[in-house]
Amino acid sequence: MAARTEIGAVLLIILAIPRLVRLFYPAIWVEDDFYLEAAWLVSAGMRPYLDFVHPHFPLLEYLSAGYLKIFGASHFSIEILNETAIYVTSLLTFKLAARVTTRRAAISAAILYATSSLVFRYHVYERECFIAPLLLATAILALDEDASRNSSYRRLAWMALALIAACLIKLTAFIPVAVVIAFMALVQRRWRQAISLAIAVGSAMIIATVFCYAMYGREFLFQTFIFHFMKGRSDLLSVMARPLAILDIQLPLFVIGCVAVRREVRTNSRIMLV
């Protein structure tokens, strides 16, 4: 049974403490300094793909460029942006977990994310930190099955907008997009909404691709798709084996987690989305 989803003041403070510790900790770890530089280059008036190499759609860089123009370009200012995204994600983690399990488990999930090693390691401008709140918001909306018809259309529009933004930040967001659509179609039996969502996201990405090609030409296609997915000059076998290196620990833990909740899934289908 779903728990109460209200976030208390104590939890707000608890989740903020790790962000403040990371923000004021003197050591800096920029995982991909090139992306940080790309945001600054855009703020300085340079063009992605043409003036510098960029293997993603440029949405995040243009948004970050506007932020840097207002607050200035520094590690501290960009880390405030990153820590804000992580904090929002921890709150949304609680909201999502509270919809599918107990309040105690939801609080534990939010604290676990807020104190996990990755949000301390990827603390300066990591793309995953910006797509995570978009994906969590989509999942929360997908689980809201009690909305009226008009509210359902608005919810679907917000889901599409969040997923489109996530894909425009990082193309691997297509994987959770497929998961959400499959969940709506196969588990919730909302075929029409699932198809509508798929068409909306697919159409928007096609339009974005055409627009960027018109703006930047062939370099956009080469850098965003060919260079990106081939990982530079890596051979095909290395590219195919790369997920195994990333999931060496996470995959077994995922399997163990699935085994642990297999009984509850029978009575609580919402867990399947998580």
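Where is the place of Ser64? Ser64 sits in helix α3, which covers residues 59-71. I'd like to start there, hi everyone, and then walk outwards through the rest of the chain. One thing to keep in mind throughout is that this is a predicted model.

So, Ser64. Its relative accessibility is 1%, and because buried means under 20%, Ser64 counts as buried. Who does Ser64 touch, once its neighbours within four places in sequence are set aside? The contacts are Ala39, Leu81 and Tyr125.

Let me zoom out to the whole chain. We have 14 helices and zero strands, and reading from the N terminus every element in the run is an α. Of the 274 residues, 39% count as buried. If you take the contacts with a separation of 6 or more, 74% of them come from residues 24 or more positions apart. As for the surface, the chain exposes about 15,500 Å², and carbon and sulfur atoms supply 69% of that.

How much confidence goes with all this? The mean pLDDT of the chain is 86, with 85% of the residues at 70 or more. Confidence is lowest in helix α12, residues 236-246, where the mean is 63. At the other end of the scale, α10 has the highest mean, 96.

That makes α10 a nice place to stop for a moment. This helix has 26 residues. From its first C-alpha to its last it reaches 37 Å, close to the 38 Å expected at 1.5 Å a residue. Which residues of α10 are buried? They are Gln193, Ala194, Leu197, Val201, Met205, Ala208, Cys212 and Tyr216. Ser203 is also found in α10, which spans residues 191-216. Is Ser203 buried or partly exposed? Ser203 counts as partly exposed, because its relative accessibility is 35%. Ser203 and Ile164 are 39 residues apart along the chain, and their C-alpha atoms are separated by 9.6 Å.

Right after α10 comes Gly217, with a positive phi near 80°. A positive phi also turns up in residues that are not glycine, and those deserve a look. As general background, most residues other than glycine have a negative phi. Tyr49 has a positive one, near 75°. Tyr49 lies in the loop between α2 and α3, and it is buried, with a relative accessible area of 3%. Then there is Arg189, where phi is positive at about 60°. Arg189 is in the loop between α9 and α10, and this residue is exposed, at 60% relative accessible area.

On to the charged pairs. How many salt bridges does the count come to? The count is five, and I'll show you some of them.

Let's take Glu83 and Arg19, whose closest N and O atoms are 2.4 Å apart. This salt bridge links distant parts of the chain: Glu83 is in helix α4 and Arg19 in helix α1, 64 residues apart. Both Glu83 and Arg19 are buried.

Next is Glu128 with Lys170, where the closest N and O atoms are 2.2 Å apart. Here too the pair joins distant parts of the chain, with Glu128 in helix α7 and Lys170 in the loop between α8 and α9, 42 residues apart. Glu128 is partly exposed, at 31% relative accessible area, whereas Lys170 is buried, at 16%.

And then Arg47 with Asp51, whose closest N and O atoms are 3.2 Å apart. Arg47 is partly exposed, with a relative accessible area of 42%. Asp51 is partly exposed as well, at 34%.

My last stop is on the surface. Which residues make the nonpolar patch of about 400 Å²? Phe34, Val53, Phe222, Ile226 and Phe227 do. The largest share of the patch, three residues, comes from helix α11, residues 218-229. Phe222 has its place in that helix. With a relative accessible area of 32%, Phe222 is partly exposed.

To recap, we have a chain of 14 helices and zero strands, five salt bridges, and a nonpolar surface patch of about 400 Å². If you open the model yourself, remember that confidence is highest in α10 and lowest in α12. Thanks for listening!

Technical notes:
Residues are numbered from 1 along each chain as its sequence is written. This is a predicted model: local features need pLDDT of at least 70, side-chain atom pairs count only at pLDDT 80 or more; totals for chains, interfaces and linings use all residues. Side-chain values use heavy atoms; hydrogens and water are left out. Helices (H or I, at least four residues) and strands (E, at least two) are DSSP runs, numbered from the N terminus. Buried means under 20% relative accessible area, exposed over 50%, partly exposed in between (1.4 Å probe, protein chains only). Contact means heavy atoms within 4.5 Å. Accessible areas come from the Shrake-Rupley method with a 1.4 Å probe; for residues, only the protein chains shown count as cover. The expected span of a helix is 1.5 Å times one less than its number of residues. Patches are made of residues with over 30% relative accessible area and no salt bridge: like charges are joined within 9 Å, nonpolar side chains (Val, Leu, Ile, Met, Phe, Trp, Tyr) within 5 Å. A salt bridge is a side-chain nitrogen of Lys or Arg within 4 Å of a carboxyl oxygen of Asp or Glu. pLDDT is the predictor's confidence in each residue, from 0 to 100.
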